[in-house]
Amino acid sequence: MALNQKKSKELFKKAKRIMPGGVNSPVRAFRAVGGTPLFIDSAKGSKIYDVDGNEFIDYVLSWGPMILGHSHPKVVNALKKAAEKGTSFGAPTPLEVELAAMVRKAYPSMEIIRMVNSGTEAAMSAIRAARGFTGRDRIVKFEGCYHGHADGILVQAGSGAATFGVPTSPGVPKDYARNTITLPYNDLRAFRNICKKTGKNIACVIIEPVVGNSGCILPKPGYLEGLRKITRQYGIVLIFDEVMTGFRISYGGAQKAFKIKPDMTCLGKVIGGGLPVGAYGGKKEIMSRIAPDGPVYQAGTLSGNPLAMTAGIETLKILSRPETYKKLMAKSMALEEGMKDAAKRAGIQTRFYRAGTMFCTYFTDREVHNFSDAAKTDMAAFAAFFRKMLERGVNLAPSGYEAGFMSLAHSQADINRTVRAAYASFREIK
Ligand code: KE4
C-alpha cells in the first residue's frame, strides 16, 4: 500500500540541491520518520493534498495556525480584498490596532502588545524586554521547551532541535549559552534551588505552560502556580510562551485555563491565521521600555503586515463565537477516546496526552512528565506508526517530539477514519 510519491520525490531531489535538506524548516524533512516529505499542492478544510494527488486528513495544520481548517472562505475572501488595497506600507494601519485589541481582550495580562513576524521574534523580543526591564542577564528555560531559534534560547530545546538530537545548536556562542539556565520541566524544587543560588541575577523565566515541543506534556498540579509565586518573590519576569497553546487550549490560552497571570506572553501561529505573525506583550511597566517609548530596541519591516493582520482578525472573529470552542473540544475529546480505545483493542502500550485541541501519542507504558521521560519513549515505533498512518491517508506531525492539532473543519467521519487507521496501524507495528 506504498504511497505514490513520484512528483514529491522529483521535487525533493531538486530541492535538496537548492535548500538545506531540501526544506525551509528542518522538521519538514521527515528525517525522524523516514521516507520522502509530502510536497503540498493545496489544502481545504481538514484535508491536505500533495503534488501526487494523494489526500490526507491533516493534524499538522501548519503546526497549529489552521485551527479553522485550511482555506476558510471568510479568511481567503478577506485576504483577496486586503491584497487589492496593497500588501505592505511600512506604516501603521487600522488593522494592527484591531488585532491587538482583540488579542488584549482575550489575554488581559498583555496590557501592551507588539506585533512581530514569528514566534521566534516574539520570544527573543520578550526576553530582551525582560532583560532591559530588570537589568539582569540570566534567563531560565526548561528542557524540551522550544521558543524558536534565537541564539540564547536554542539551548536544550525541543521540537526539531530535539528531533535531530542537537538541543544545543552549534553556532551559539558559549557566552550566550552561559546566560541560559536550563532546568527539567515539572520540577519546582530545581527551580526553587536555582533561585536560592542566583535568583537575583535572573531576568526571566520563559516556559511553554503546556509543552508542545516534546510531544504534549502537561504541567503537574501546582507547578505553574509555584513558578508564579517564586518568580514574584525574586522579581523575575514570568514569560508564558503561548505561541502554540494560545487559542489552542482555550480562547484565552493556558493562562486562562490554569488561571495564572504571567508578566509577559508570546503568541504566534493562530493569530496569523496562516500568515507570518507573532506577538509579545505584557505589563505596561515592562513594555514601556520598548522603542520608541523606551530604549529597548526591537523593529521589523513587515511587522503588523496588513494581510497577516487580516487573516488573524478573521480567524479570531470566528474563534470568539461562543459555540466554537465547544465544537473544537468535542472533536478533540472524540479523537482522544478513539485513539485510546484503538490502542487498547490493538493491545499496544501508548500514552495519549491532550491539552484542549493539541495532543500527542507516545509509545510507552509509563507516564511522561518531562523531556527525559519523552526521550525514553519508543520513537522508532512512532516513526513506523507515522508511516502506516500516512499510507492510510492520515497526516500526523513527522516527529514524536511534536504535537498534533484539531481544527473546526475535522468531521466525525474524519475522526472515525483516523481511529480506524490507527487501530490497523497499531496492529501492524505491534
Ligand atoms: P516560529 O518562529 O516557528 O513562528 O515560532 C517558534 C516557536 C516558539 N514557541 C513555541 C512554543 C513554538 O512551538 C514555536 C514553533 N513551533 C514549531 C513546531 N513545534 C514550528 C514548526 C517548525 O519549526 O517548522
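This passage describes the surroundings of the ligand, three backbone features and three buried residues in a predicted model.

The ligand is considered first. The shell around the ligand holds 17 residues, of which Ser 25, Thr 120, Asn 213, Asp 241 and Glu 402 come nearest. By the character of their residues, the members of this shell divide into 5 nonpolar, 8 polar and 4 charged. Domain 1, which is made of residues 6–71 and 323–429, and domain 2, which covers residues 73–319, both contribute residues to the shell, and the ligand therefore lies between the two domains. Three of the computed distances join atoms of the ligand to side chains of the protein. An N or O atom in the side chain of Thr 120 is found 2.6 Å from an oxygen atom of the ligand, while a nitrogen atom of the ligand stands 2.4 Å from an N or O atom in the side chain of Asn 213. For Glu 402, an N or O atom of the side chain lies 2.6 Å from a nitrogen atom of the ligand. The ligand taken alone would expose 540 Å², and 86% of that area is buried by the protein.

Attention turns next to the backbone. Most residues other than glycine have a negative phi, and most peptide bonds are trans. Against this background, Trp 63 has a positive phi of about 70 degrees although it is not a glycine. Trp 63 is placed in the loop that runs between strand S3 (55–58) and helix H2 (73–84), and it counts as buried because its relative accessibility is 16%, under the limit of 20%. Ser 71, which also is not a glycine, shows a positive phi of about 45 degrees, and its place is likewise in the loop between S3 and H2. With a relative accessible area of 27%, however, Ser 71 is partly exposed, because this value falls between the limits of 20% and 50%. A further feature concerns a peptide bond: Ala 291 and Pro 292 are joined by a cis bond, for which omega is about 5 degrees. Pro 292 belongs to the loop between helix H10 (284–287) and helix H11 (306–319).

The remaining residues are buried ones, described together with their contacts beyond four places in sequence. Thr 361 is part of strand S12, which comprises residues 358–362, and its relative accessible area of 12% makes it buried. When neighbours within four places in sequence are left aside, Thr 361 is in contact with Met 339, Thr 350, Arg 351, Phe 352 and Phe 382. One of these partners, Thr 350, is situated in the loop between helix H12 (322–346) and strand S11 (351–355) and is itself buried, with a relative accessible area of 14%. Under the same exclusion of sequence neighbours, Thr 350 is in contact with Ala 343, Thr 361, Tyr 362, Phe 363, Thr 364 and Phe 426.

Val 419 lies in helix H15, which spans residues 412–429, and at 13% relative accessibility this residue also counts as buried. Its C-alpha atom is separated by 7.3 Å from that of Leu 335, although the two residues are 84 residues apart along the chain. With neighbours within four places in sequence again left aside, the contacts of Val 419 are with Gly 338, Met 339, Ala 342 and Arg 345. Met 339 thus appears among the contacts of Thr 361 and among those of Val 419.

Technical notes. Residues are numbered from 1 along each chain as its sequence is written. This is a predicted model: local features need pLDDT of at least 70, side-chain atom pairs count only at pLDDT 80 or more; totals for chains, interfaces and linings use all residues. Side-chain values use heavy atoms; hydrogens and water are left out. Helices (H or I, at least four residues) and strands (E, at least two) are DSSP runs, numbered from the N terminus. Buried means under 20% relative accessible area, exposed over 50%, partly exposed in between (1.4 Å probe, protein chains only). A residue is near a molecule or strand if one of its heavy atoms lies within 4 Å of it. A polar contact is a pair of N or O atoms within 3.5 Å; within protein, one must be able to donate a hydrogen and the other to accept it, and residues adjacent in sequence count only if both atoms are side-chain atoms. Accessible areas come from the Shrake-Rupley method with a 1.4 Å probe; for residues, only the protein chains shown count as cover. Ala, Val, Leu, Ile, Met, Phe, Trp, Tyr, Cys and Pro count as nonpolar, Asp, Glu, Lys and Arg as charged, and the others, Gly among them, as polar. Domain bounds come from an automatic or database domain assignment. Contact means heavy atoms within 4.5 Å.
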